[in-house]
Amino acid sequence: MANLSSVIINKEFYDIDKSEIDTYKRVAFNTPLSELMQRASKKRDAYWGKMITYSKKVFVPLTNMCRDTCSYCTFVKHPDDPEAKIMSPDEVLKSARKGENSGCKELLFSLGEKPEKRYAKPKKALAALGYSTMTDYLYDMCKLVIGETSLLPHVNAGTLSEYELKKLKNVSASMGMMLETTSKRLNKKGEAHYACPDKVPIQRIRTLVAAGSSKVPFTTGILIGIGETFDERIEALLLLEKINNRYGHIQEVIIQNFQRKPNIEMAEHPEPSLNDMLQTIALARIILSPSISIQAPPNLEQEHIEYIDAGINDWGGISPVTKDFINPQHPWPNIDALATMVRNAGFELGERLTVYPKFNTRQFLSPTISAHISKSANKLHPIDKPKKLESA
Ligand code: SF4
């Protein structure tokens, strides 16, 4: 089977009209930031009310090997690194149980992209476990989690084919893959995505479209500050809106800020400022359909509470048991402390599941996942849902 989706992408999905980009650029540059944020907040309030949500989850980095080499990544380990690994089923289960015992409802499988296609070591390690691809191993690990715990798997496995998405949909409540950027320039030598076959924008667009046609509740987003221009940032948001308009499967868009870390190729690259984040969050809220949850991580910016004023309605996943494996130097906020900060900002903090209520339908969830949710309904639905969410 081909590595990447064989879905034919219509030009409509990647051809964003330059005049549309210019319109939003003018809005961004000609409107004072405070006014832009007010506009965005008003749109958020009308749909999501005064609730800011998060998902209590346990992170399971199934493998930290990857065939890509993004210049900002600290998660990935070369197969020759003693820390490179594939988690065993026992380790997966141990983490899952720890998360379940701490009140998590979601288990996030995050993993590098197809290391077995590039390196002999992960291929051999997978074979020793009885598998030829990471996707097949991931499928069985999702099944294991569903069989042994009340947790709902969310899968972050990067670019996937339509076949892989449909297979994984049977055993996961939702999936995700950051679009990151639409910039092809960043695949050139010296740029953030040089020699990263899975970071060629069209491959990510293919996965987004295939997820749409497969009706997978999907999380995506953009990574800002990795060398993209302001136009490219707007282009990425417009593209996500276009794809969602066609398939209606995007439940969340994350606005994530690049973080400088020692020992990465981009160690000296400037980080986006707080104002860059606020402006991009506000623009995302203005560009995207109101039903799309807009999320920004609370652990990557000290003044994250200001994101609320820019229009977010969600913090994403917060774990009481595992670190942020992608940004290990930034600990998760304490949930009680975050609740107080959110309350002081005039909102309420609410816990949600990995799959949003409007996607809890036969079209979007497999019978196995629906049964898993209803079996544990009392345990899995302790939160007040955002008021407008159900009727949307
Ligand atoms: S960011 Fe993701 S795709 Fe890039 S090297 Fe790291 S794990 Fe691989």
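This note walks through a predicted model, point by point.

1. **The core.** Start with the largest nonpolar core, which has 93 residues. Six of them have the most contacts inside it: Val 60, Phe 109, Leu 138, Leu 240, Ile 255 and Ile 281. As background, nonpolar side chains tend to be buried together in soluble globular proteins.

2. **Ile 255 in the core.** Which residues does Ile 255 touch, leaving aside those up to four places away in sequence? The list includes Gly 221, Ile 222 and Ile 224. It also holds Met 277, Thr 280, Ile 281 and Ala 284. Ile 294 and Ala 296 complete it. Ile 281 is thus both a contact of Ile 255 and one of the core residues with the most contacts.

3. **Strand β3.** Look next at β3, residues 152–156. Is this strand enclosed or open? Of its 5 residues, 4 are buried, so the strand is largely enclosed by the rest of the structure.

4. **Neighbours of β3.** Strand β2 (residues 106–111) runs parallel to β3, and 5 bridges join the two. Phe 109, listed above for its contacts in the core, has Val 155 as its bridge partner in β3. Strand β4 (residues 174–176) also runs parallel to β3, joined by 2 bridges. Here the bridge partner of Val 155 is Met 175. Between β3 and β4 the chain passes through helix α7 (residues 162–169), and this β-α-β crossover is right-handed.

5. **The ligand shell.** What surrounds the ligand? Three cysteines are among the residues there: Cys 66, Cys 70 and Cys 73. Asp 68, Thr 69, Phe 75 and Val 76 belong to the shell too. So do Gly 112, Glu 113, Gly 158 and Asp 198. By class, the shell counts 5 nonpolar, 3 polar and 3 charged residues.

6. **Two backbone angles to check.** Most residues other than glycine have a negative phi. Ala 195 is not a glycine, yet its phi is positive, about 60°. Asn 263 is not a glycine either, and its phi is positive at about 65°.

7. **Where those two residues sit.** Ala 195 lies in the loop between β4 and α8 (201–213). Asn 263 lies in the loop between β6 (250–257) and α10 (274–287). Are they buried or exposed? Ala 195 has 12 other C-beta atoms within 10 Å, so it counts as exposed, the cut-off being 12 or fewer. Asn 263 has 6 within 10 Å and is therefore exposed as well.

Definitions and conventions:
Residues are numbered from 1 along each chain as its sequence is written. This is a predicted model: local features need pLDDT of at least 70, side-chain atom pairs count only at pLDDT 80 or more; totals for chains, interfaces and linings use all residues. A nonpolar core is a set of buried Ala, Val, Leu, Ile, Met, Phe, Trp, Tyr and Cys residues joined through C-beta atoms within 7 Å. A residue is buried if 20 or more other C-beta atoms lie within 10 Å of its own, exposed if 12 or fewer, and partly exposed in between; C-beta atoms are placed from the backbone. Two residues are in contact if their C-beta atoms, placed from the backbone, lie within 7 Å. A residue is near a molecule or strand if its C-beta atom, placed from the backbone, lies within 6 Å of it. Ala, Val, Leu, Ile, Met, Phe, Trp, Tyr, Cys and Pro count as nonpolar, Asp, Glu, Lys and Arg as charged, and the others, Gly among them, as polar. Two strands pair if DSSP finds at least two bridges between them. A crossover is right-handed if, with the strands pointing away from the viewer, the path from the first strand over the helix to the second runs clockwise.
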